[in-house]
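Visitor: I should like a close look at a single part of this model, with its setting described and each cut-off stated.

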Amino acid sequence: MAVGIGIMTSCAVYLLLRGRTFPLVLGLSMLSTAANLFILSMGRLRPGVSPIVAAGAEDYADPVPQALVLTAIVIGFGMTGFIMALAARTRHRTGSDHVDGAEPVSERRPEQGP
Amino acid sequence: MTHLLAAPIIVPALAAALLVILHRAPIEVKRAIGMGATVAVASAALAIFSETRSGTPLVYRLGDWPSPFGIVLVADHLSAFMLLLTASLALAVLLYAVQGWDTRGKLFHPLFLFQMMGLNGAFLTGDLFNLFVFFEILLIASYGLAMEGLEVEQLRATLHYAAINIAASSVFLIAVSLMYGVMGTLNMAHLAERVAEVRAEDVGLVRAAGLLLLGVFAVKAAVFPLYFWLPAAYSHAPAPVAALFAVMTKVGVYAIIRVTTLIFTGGEDGVMELTSPWLLPVALITLTFGTLGALGAQRLATMTAYLTIASIGTILTGVASGGEGLAAALYYLAHSTLIIAVLFLVADLLSRSRGAVGDQLHPGPPLRQAVPLGLAFLFGGATVAGIPPSSGFLGKLMILQSTMDGMMVIVVWVVILVTSVLTLVTCSRAGSIVLWNYIEPDQLAHDRPPRAGEWIALAALTGCSMGLVIFAAPVTHYTGEIGAQLTSPGSYIHAVLGSGQDDFIRPHAMDRVR
């Protein structure tokens, strides 16, 4: 689990640093997924038990991280949706998918045609 | 149990939801609802302020669940102070916005109210996870507000701003859950108690979580080196929105003050002291870079955005020196919030009466209402630079006095005094270019001249700023009380957790994180 979260986070950071809006959105949603998995694992992973404190229960999972992760997932979805719409709009208005709204000079393709 | 504490969150939420439903209603109806809700929030803030005067923090347990299990709202001196400041700023800014700014975007009023809800919630919550939730609410409202108008520049600036803040939110979640994993609670008062009991081998984890948390707050507060999103986002946002954002960076400062005075106080052996080695240097660098940025700015709005960063640096300089410095920093926080709002609004009025030149620092056509605009700019510039007898002067003086007995005293004095002079140079340069250098107009400016309501809003903000000078004694007495309450968090913890607190520890918390 820990290794998975680590790999996911590093991929997300790589994508965030690409400077393109599509990898940016992808990286942000990956980062928030990694954060959600992290929250879940912070409540101690206990397979096979319910997160409810019932009378006479011997063993149960901590319900709080599950509540937290639900909230975090909802907020994360909202934010991802928002930034996706924003990125699409910026792409449409500036004609470039670079986050600065213009191709950097070093990556600009040579002019084609006459 | 009074439900007063929930009002600053519930009222804007309901009013904003109503406004979303009524999005086809005539603008007058929207303005009436928006204004009414803001007035209601302001009176609730005033009531909370007077209720907390006695010194006992008010606690509201949502659903009457006993803490630390339920969600709590807590209002101590600091929260009440921030609520009142936000409400006064919001009233003035909304008055300014309803003179015509609010017609540019359909959702201005609901977003404005959602932003207020997020701000008030962040100041009132007594729980780290709810702090995250309210941060998200105020951020998503601020993205919408910053893009109002949908200019290309705004979209680009908002994309950067949103991307940085969403990434920071993920880090916030990681920090919060790491805290929960080690300490088994998220209630801030409970954390304050628990942090002393953390096992030696877990100290590193808690410190890591705390530093991640402070890093996130530093992003929100635009502290060096995490401030690069701010100038573009603020200077391209509509003027009333930018003026409201003046309090948004202060949420980050508020959160830093809250966790450092409550949770990471250092304890007996000082292992939980997280801020002392770096907060003061970082604050001074922030102050320097903000001032230099303002000096190099090409537009009035950009200049003001950099001055926001500089003000954060000054406040944190006070916070870093603790004790009296905290009180001085809070006085400066109130001053800088008001004066930066004034500067954003003046920049907007100036840019509108200069036609195509806008707020760029180039000679423009003669101004129509040069004298009142000039006076307003003079007031703003002099106050932000700290010319006596302005509130900026008093605030900086108190911060300087509070750093008297530190090791870094010479560095602090030099940085604060030199940046003050540079700010003065910045404002004089901007003022002389904008107000005195005329070119013959090719075409007359067609933008609408300042309206009476806009002048009233501006006068209210300058009046509040002058009030900070005239009533300096009671205000500093009050900030002193805030500082005293913050440095001895016992009353806060007691109010939240109550006395007969059974030492319930969640079943798997406090065992080693595997």
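Visitor: Please take the salt-bridging residue B:Glu197 as the part to examine. What is the relative accessible area of B:Glu197, and in which exposure class does that place the residue?

Guide: B:Glu197 has a relative accessible area of 41% and is therefore partly exposed. Buried means under 20% relative accessible area, exposed means over 50%, and partly exposed lies in between, with a 1.4 Å probe and protein chains only. The model is predicted: local features need pLDDT of at least 70, side-chain atom pairs count only at pLDDT 80 or more, and totals for chains, interfaces and linings use all residues. Residues are numbered from 1 along each chain as its sequence is written, chains are lettered from A and ligands numbered from 1 in the order in which they are written, and side-chain values use heavy atoms, with hydrogens and water left out.

The partner of B:Glu197 is B:Arg194, whose side chain meets that of B:Glu197 in a salt bridge at 3.8 Å, N to O. A salt bridge here is a side-chain nitrogen of Lys or Arg within 4 Å of a carboxyl oxygen of Asp or Glu. In contrast to its partly exposed partner, B:Arg194 is buried, with a relative accessible area of 3%.

The whole structure holds four salt bridges over all chains. One of them joins B:Glu481 and B:Arg53 through their side chains, with N and O at 3.2 Å. Because B:Glu481 belongs to helix α19 (residues 472-487) of chain B and B:Arg53 to the loop between α2 (27-51) and β1 (58-61) of chain B, this pair ties together parts that are 428 residues apart in sequence. Helices (H or I, at least four residues) and strands (E, at least two) are DSSP runs, numbered from the N terminus. B:Glu481 is partly exposed at 24% relative accessible area, and B:Arg53 is partly exposed at 37%.

Another salt bridge links B:Glu153 with B:Arg156, the closest N and O atoms being 3.7 Å apart. Both residues lie in helix α6 of chain B, three residues apart, about one turn of the helix. An α-helix has 3.6 residues a turn, so residues three or four places apart point the same way. B:Glu153 is partly exposed at 34% relative accessible area, as is B:Arg156 at 27%.

Helix α6 also leads to the contact with chain A. Across the interface of chain B and chain A, zero salt bridges are found, and one residue pair is in polar contact, with both residues at pLDDT 80 or more. A polar contact is a pair of N or O atoms within 3.5 Å; within protein, one must be able to donate a hydrogen and the other to accept it, and residues adjacent in sequence count only if both atoms are side-chain atoms. On the side of chain B that touches chain A, the elements giving two or more residues are α5 (128-147) and α6 (152-183) of chain B. Of these, α6(B) gives the most, with 17 residues. By class, that side has 23 nonpolar, six polar and six charged residues; Ala, Val, Leu, Ile, Met, Phe, Trp, Tyr, Cys and Pro count as nonpolar, Asp, Glu, Lys and Arg as charged, and the others, Gly among them, as polar.

The contact takes 35 residues from chain B and 34 residues from chain A, where contact means heavy atoms within 4.5 Å. The two chains bury about 3,100 Å² between them, 77% of it on carbon and sulfur atoms. Buried area is the accessible area (1.4 Å probe) that two parts lose on being put together, summed over both.

Beyond α6, B:Thr185 is found in the loop between α6 and α7 of chain B. B:Thr185 counts as buried at 1% relative accessibility, and its side chain reaches the backbone nitrogen of B:Asn187 at 3.3 Å.

Helix α7 (188-194) of chain B is in turn among the elements against which the buried residues of α20(B) pack; the others are β1, β2 (72-75) and α11 (248-262) of chain B. Those buried residues of helix α20 (residues 490-497) are B:Tyr492, B:Ile493, B:Ala495, B:Val496 and B:Leu497. Just after α20(B), B:Gly498 takes a positive phi of about 70°.
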